[in-house]
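Visitor: I should be grateful for a close look at a single part of this structure, namely the surroundings of the ligand. Please explain the terms as they arise.

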Amino acid sequence: MPGPIFALERAHEVLHGLIASSRRGVGFTGAGISTECGVPDFRSPDSPWARLFPIDFKTFQSSPTMRAEAWRRKFAMDDLYAGARPGRGHRALAALVGSGKLIGVITQNIDGLHQASGLGPEHVIELHGNGTYAACIGCGARHELVDIRASFDAAGVAPDCACGAPIKSATISFGQAMPQGQMRRAREATLACDLFLAIGSSLVVYPAAGFPTLAKDNGATLVIINREATPLDGPADVVIRGEIGDVLAPFAESTVAA
Ligand code: NAD
């Protein structure tokens, strides 16, 4: 494999060529695509997530105190990033889906910014859920955050579902089962694609990080766009080391609302 590409012009030229010759590309995104929108990633040095011990699913289920703590954190984070809008990376992927170059986007993100960039649910596969609403961990019923917040602010605890089970942000916590329907869709898209663009992910969180390797093993061209090295740089066909917004800016058509 040639070494990583650092020069922006060269990155644009290589990406243009690969996208032009591809017929069924797939985007695969991690937290890095949203940092230019003000949403911090998980593993960069100043990440607020790094200062918090994770609350796994079992703990959330069993401890009312930790459930309240999980909701306190959730609302504090939401307040910090409430104004986040799609960035150049999101807009580029939406434009590439719109022009038929990508069949869809598989995302590890929970921020809903791919949908906010104009992609419909048929084009976004969410491996780790969605933090813009909540769901009952018993019956699965959807709940809106605004209602939960009103109760939480008044009583310091989130309400339970009408079925009696706790309500949780609709994200996948450590120790929680992966969403099987989304995993199946991600696998199908990965096996159908001829170009796999892994963007802004440290590629260390499994099973999500298995998809780039699956694509490569199935014959797709694997491109990694990230500002730092990843464990899959070796098998990748092309590694672009730079800022996602700068790398993808030429593909972000202005027809997609910011
Ligand atoms: P990660 O934090 O492990 O990795 C992000 C990668 O993106 C890092 O390697 C970082 O160097 C790179 N990066 C950050 N900003 C960049 C930029 N502007 N340009 C180029 N590279 C940049 O994220 P992950 O791999 O997605 O795994 C973390 C887990 O945490 C995921 O499960 C995800 O669901 C969750 N998470 C999601 C969000 C979100 O929804 N925005 C935010 C934080 C964490």
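Guide: **The surroundings of the ligand**

A backbone N or O atom of Ala31 lies 2.8 Å from an oxygen atom of the ligand; a polar contact is a pair of N or O atoms within 3.5 Å. This is a predicted model, in which local features need pLDDT of at least 70 and side-chain atom pairs count only at pLDDT 80 or more, whereas totals for chains, interfaces and linings use all residues. Residues are numbered from 1 along each chain as its sequence is written, and side-chain values use heavy atoms, with hydrogens and water left out.

Side chains also take part. An N or O atom in the side chain of Thr35 is 2.8 Å from a nitrogen atom of the ligand, and one in the side chain of Ser202 is 2.5 Å from an oxygen atom of the ligand. Of the 850 Å² of accessible area that the ligand has on its own, the protein covers 95% (Shrake-Rupley method, 1.4 Å probe).

Around the ligand there are 26 residues, of which Arg43, Gln108, His128, Ser202 and Glu228 come nearest; a residue is near if one of its heavy atoms lies within 4 Å. By class, this shell has eight nonpolar, 12 polar and six charged residues, with Gly counted as polar. At least three residues of the shell come from each of domain 1 (1-39 + 88-128 + 180-258) and domain 2 (42-80 + 131-171), bounds that come from an automatic or database domain assignment.

Technical notes:
A polar contact is a pair of N or O atoms within 3.5 Å; within protein, one must be able to donate a hydrogen and the other to accept it, and residues adjacent in sequence count only if both atoms are side-chain atoms.
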